[in-house]
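These are my notebook entries on a single chain. I record below what I looked up, entry by entry.

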Amino acid sequence: MTNIEGHVLLTGGHGGLGATLRRLFINAGWQVTSLVRQSAGGINEIACDLGSSGDVQRVLATLSGAPAIIVHAAVDGRREIEDTVDLMSQYQVNCVAPYVISRSLGDRNADSPRRTLHVHIGSEVTFHADAKSGPYAATKASHRVLASALADRFRGTSQSVATIVLGPLYTPRRCDEISLIAQRIHKSEAYVERTALARSNPDLVISRFIRPQSVFEATLALWRMGEDANGSLIRLDGGSGGSLN
Ligand SMILES: NC(=O)c1ccc[n+]([C@@H]2O[C@H](COP(=O)([O-])OP(=O)(O)OC[C@H]3O[C@@H](n4cnc5c(N)ncnc54)[C@H](OP(=O)(O)O)[C@@H]3O)[C@@H](O)[C@H]2O)c1
């Protein structure tokens, strides 16, 4: 490949957001390494179960160099978790793993002449947890706090730690669902999207799901900000937290 912009390390490379980010970065001339739960032998994929601290340590030991951008797009998004083992495993994937990966690579590269941007992905669910989403929301809230702690850890170094908080994403699955419903009720896809969002949360001031392209653009903007991106927060959540959050 020519015109390589830099190296991106991405978790959740097979997920709704991760797979799209991977494609967008590659199309823009970046080299991408994806951490995936199970590799199907794809190019530049590394199998890593983020729910296993041993697996995370093993993979960290094999990574070399300083990526320009790290995006934590993996998530255990299960709702209604009751079992303690499942609770702990969700916390490990959503909070401990991104923290440990950023802390370890950040410490290693803190004195590097090349800058690294660490992007931690948050969720609007933290603003309105309920009985069903509570455990998941707690992992995302905890992740957000630890990302702030990392920004402090790396102040004055070549590492910048930022958070992008997302509202409902336009994932391939949602795209299919919208298309099916639109056909069934003989309305436009835009109408279905607008109606679904308005019903899901009255605080939302968006009329379409957040496009992964916007997450990509936000990441590039943060990267171009260099040191100023450290400790920053971009909310692409459609105002879902209401006026004061
Ligand atoms: N989707 C939304 O509407 C929405 C809204 C707000 C915020 N967000 C945030 O956006 C980010 C991406 O969400 P998404 O919708 O892309 O999620 P997703 O489609 O469920 O993808 C999550 C990815 O994480 C991987 N993963 C899960 N457990 C893992 C483990 N133990 N080890 C390694 N990988 C593991 C999954 O691997 P497999 O492919 O093997 O399952 C999957 O590829 C998350 O931080 C989420 O909180 C999403």
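Entry 1, a covered strand. I note at the outset that the model is predicted. I began with strand E6, residues 159–166, and found it mostly covered, with eight of its eight residues buried. I then examined its two faces separately. On one side I listed Gln-159, Val-161, Thr-163 and Val-165, and on the other Ser-160, Ala-162, Ile-164 and Leu-166; every one of these is buried, and both faces of E6 are thus covered.

Entry 2, the strands paired with E6. How many bridges join E5 to E6, and do they run parallel or antiparallel? I counted eight bridges, and the two strands run parallel. Thr-116 has Gln-159 as its bridge partner in E6. I followed the chain from E5 through helix H4, residues 134–153, to E6, and recorded this β-α-β crossover as right-handed. I then turned to strand E7, residues 233–236, which is joined to E6 by four bridges and also runs parallel to it. In that pairing, Ile-164 stands opposite Ile-234 of E7.

Entry 3, the ligand shell. I found 26 residues surrounding the ligand, of which the closest are Gly-12, Gly-15, Gly-16, Leu-17 and Arg-37. Two elements give two or more residues to this shell, namely helix H1 (16–27) and strand E5 (116–123). Which element gives the most? I recorded H1, with three residues. By residue class, the shell divides into 10 nonpolar, 11 polar and five charged residues. I also note that E5, which contributes to the shell, is the strand joined to E6 by eight bridges.

Entry 4, the domains. The domain assignment gives domain 1 as 7–169 + 210–236 and domain 2 as 170–208. I took the centres over C-alpha atoms and obtained a separation of 27 Å. Seven residues from domain 1 and eight residues from domain 2 take part in the contact. On the side of domain 1 that touches domain 2, I recorded four nonpolar residues, two polar and one charged.

Entry 5, Gly-238. I located Gly-238 in the segment after E7. Is Gly-238 buried or exposed? I classed Gly-238 as buried because it has 20 C-beta neighbours inside 10 Å, and 20 or more is the cut-off for that class. Setting aside residues up to four places away in sequence, I found that Gly-238 touches Gly-167, Leu-204, Val-205, Ile-206 and Ile-210. I also checked Gly-238 against Pro-135: the two are 103 residues apart in sequence, and 23 Å apart in space from C-alpha to C-alpha.

Entry 6, positive phi angles. Most residues other than glycine have a negative phi. I therefore looked up Glu-80, which is not a glycine and yet has a positive phi of about 55 degrees, as a departure from that general pattern. Glu-80 is found in the loop between strand E4 (69–72) and helix H3 (84–109). I classed Glu-80 as exposed because it has 11 C-beta neighbours inside 10 Å, the cut-off being 12 or fewer.

His-186 also has a positive phi of about 55 degrees, although it is not a glycine. I placed His-186 in the loop between helix H5 (172–185) and helix H6 (189–200). His-186 is exposed, because 7 other C-beta atoms lie within 10 Å.

Note on methods. Residues numbered from 1 in each chain as written. Predicted model: local features only at pLDDT ≥ 70, side-chain atom pairs only at ≥ 80, totals over all residues. Near = placed C-beta within 6 Å. Nonpolar A, V, L, I, M, F, W, Y, C, P; charged D, E, K, R; others polar. Pairing = 2+ DSSP bridges. Right-handed = clockwise from strand over helix to strand, strands pointing away. Domains from an automatic or database assignment. Contact = placed C-beta atoms within 7 Å.
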